[in-house]
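User: Could you take a close look at the ligand site in this one and walk me through what lines it? Once that's done, carry on into the packing around it.

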Amino acid sequence: MIFGWFGRKSAHKEKPTAKEDTSSMANARIIDGKAVAAQVRADIAAKVAALKSANGFTPGLAVVLVGEDPASKVYVRNKGAQTKEVGMNSIEHKLPAETSEADILALVDSLNKDPAINGILVQLPLPKHVDAEKVLNAIDPGKDVDGFHPVNVGRLWIGEAALAPCTPTGSVILAKSVQENLSGMNAVIIGRSNIVGKPMAALLLRENCTVTIAHSRTKDIASVVRGADLVIAAVGIAEFVKGDWIKPGAIVIDVGINRVEVPGGKAKLKGDVAYDEAAAIASAITPVPGGVGPMTIACLLKNTLQAAQMQHRLAITA
Ligand code: NAD
């Protein structure tokens, strides 16, 4: 799938002076994550409609929320709304914070067995008395739309059909919206977490990139990043990646979401990349917010459709 939505915005509001080197002031393409995510959802909606008319079948996504975490409640509400928007069934299980691990495992087991449920997502974090790993590993790998189950992790790495984690999947779609063929690119991922950095490496290997994973023990990280045609920042430190680390013309995907206090006591969201500096040098860059963020739920819906298709061996013709 080829996406072409990106605006062109000036990263520099001021005109360059005569003495400045204007070649380094090139404006990066701003990759519009909201527009790309809307296109992904439209594509899913068309496929869901085709499934319904050909097979009378509607995919279903079950989301399990335990407790009252305010951020989790917002995520679950957004997931439910977007699931319905693409024509899928959304089934929410809201359980009190004191629900026992055994009861959560029993619910997961019943969802695993329910043919109307094609995808299961257990919203994290779970309360402290619950072993999150045990719960996530109890999800049927075929319904594991978060892509965290060890079976899916293994399948992803050995190149078999797998449900892959949503944020890295969305990041790769954004990079491909700028350059459809990533083959041969030097990709540097900063961060080696199980939910972003590592699966990102597996997905970029599938795209035939030469992949480097940098992390907290990497020596001279600036020079490692300077060799990258594609930079993926997933560090969790605001503006960690500086503009002069970016190779001219590189594509920059900023996964980071950091809440930073600004004067007046308010908070602002910042990415892991020093945006203005990098936008002056990169060929394309994702903003924060409005870049990778909107892709995550879109890719969750993509995984739910893929899971339904695999479970029912249904052809999707739309
Ligand atoms: P994490 O804390 O699990 O991992 C951070 C990684 O950064 C680690 O592997 C660590 O080695 C590396 N790191 C830490 N300090 C470093 C340093 N000084 N130099 C080099 N590497 C360093 O975080 P995560 O869950 O992978 O998330 C990373 C960022 O992405 C966070 O800002 C998070 O909020 C964001 N995120 C966004 C989405 C989304 O939907 N857009 C989803 C998940 C995570």
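Analyst: Starting with the ligand: 21 residues surround it, and the closest are Arg192, Ser193, His215, Ile257 and Thr296. Keep in mind that this is a predicted model, so every distance here is computed from predicted coordinates.

Sorted by class, that shell is made of 10 nonpolar, 10 polar and 1 charged residues. Three of the closest residues have polar contacts worth going through one by one. For Arg192, a backbone N or O atom sits 2.7 Å from an oxygen atom of the ligand. Ile257 also uses its backbone: one of its backbone N or O atoms is 3.1 Å from a ligand oxygen. With Thr296 it's the side chain, where a polar atom lies 2.9 Å from an oxygen atom of the ligand. As for how covered the ligand is, taken alone it exposes 850 Å², and the protein buries 71% of that.

Now the packing. The largest nonpolar core has 54 residues, and Leu204, Leu230 and Ile253 have the most contacts inside it. Quite a few elements give two or more residues to this core: on the helix side helix 1 (33–55), helix 6 (166–178), helix 7 (197–206) and helix 10 (293–312), and on the strand side strand 3 (60–66), strand 6 (186–190), strand 8 (230–233) and strand 9 (251–254). Helix 10 gives the largest share, 9 residues. The core isn't confined to one domain either: it draws at least three residues from each of domain 1 (56–160) and domain 2 (165–296). As a general backdrop, nonpolar side chains in soluble globular proteins tend to be buried together.

One polar residue to check in helix 6 is Thr169. Is Thr169 buried or exposed? Thr169 counts as buried because its relative accessibility is 13%, and the cut-off for buried is under 20%. Its side chain does have a polar partner, reaching the backbone oxygen of Pro165 at 2.7 Å.

Last stop is helix 9 (residues 275–279), which holds Ala279. With a relative accessible area of 0%, Ala279 is buried too. For a sense of scale, Ala279 and Val86 are 193 residues apart in sequence, and their C-alpha atoms are 33 Å apart in space.

Terms used: Residues are numbered from 1 along each chain as its sequence is written. This is a predicted model: local features need pLDDT of at least 70, side-chain atom pairs count only at pLDDT 80 or more; totals for chains, interfaces and linings use all residues. Side-chain values use heavy atoms; hydrogens and water are left out. A residue is near a molecule or strand if one of its heavy atoms lies within 4 Å of it. A polar contact is a pair of N or O atoms within 3.5 Å; within protein, one must be able to donate a hydrogen and the other to accept it, and residues adjacent in sequence count only if both atoms are side-chain atoms. Accessible areas come from the Shrake-Rupley method with a 1.4 Å probe; for residues, only the protein chains shown count as cover. Ala, Val, Leu, Ile, Met, Phe, Trp, Tyr, Cys and Pro count as nonpolar, Asp, Glu, Lys and Arg as charged, and the others, Gly among them, as polar. A nonpolar core is a set of buried Ala, Val, Leu, Ile, Met, Phe, Trp, Tyr and Cys residues joined through side-chain atoms within 4.5 Å. Buried means under 20% relative accessible area, exposed over 50%, partly exposed in between (1.4 Å probe, protein chains only). Helices (H or I, at least four residues) and strands (E, at least two) are DSSP runs, numbered from the N terminus. Domain bounds come from an automatic or database domain assignment.
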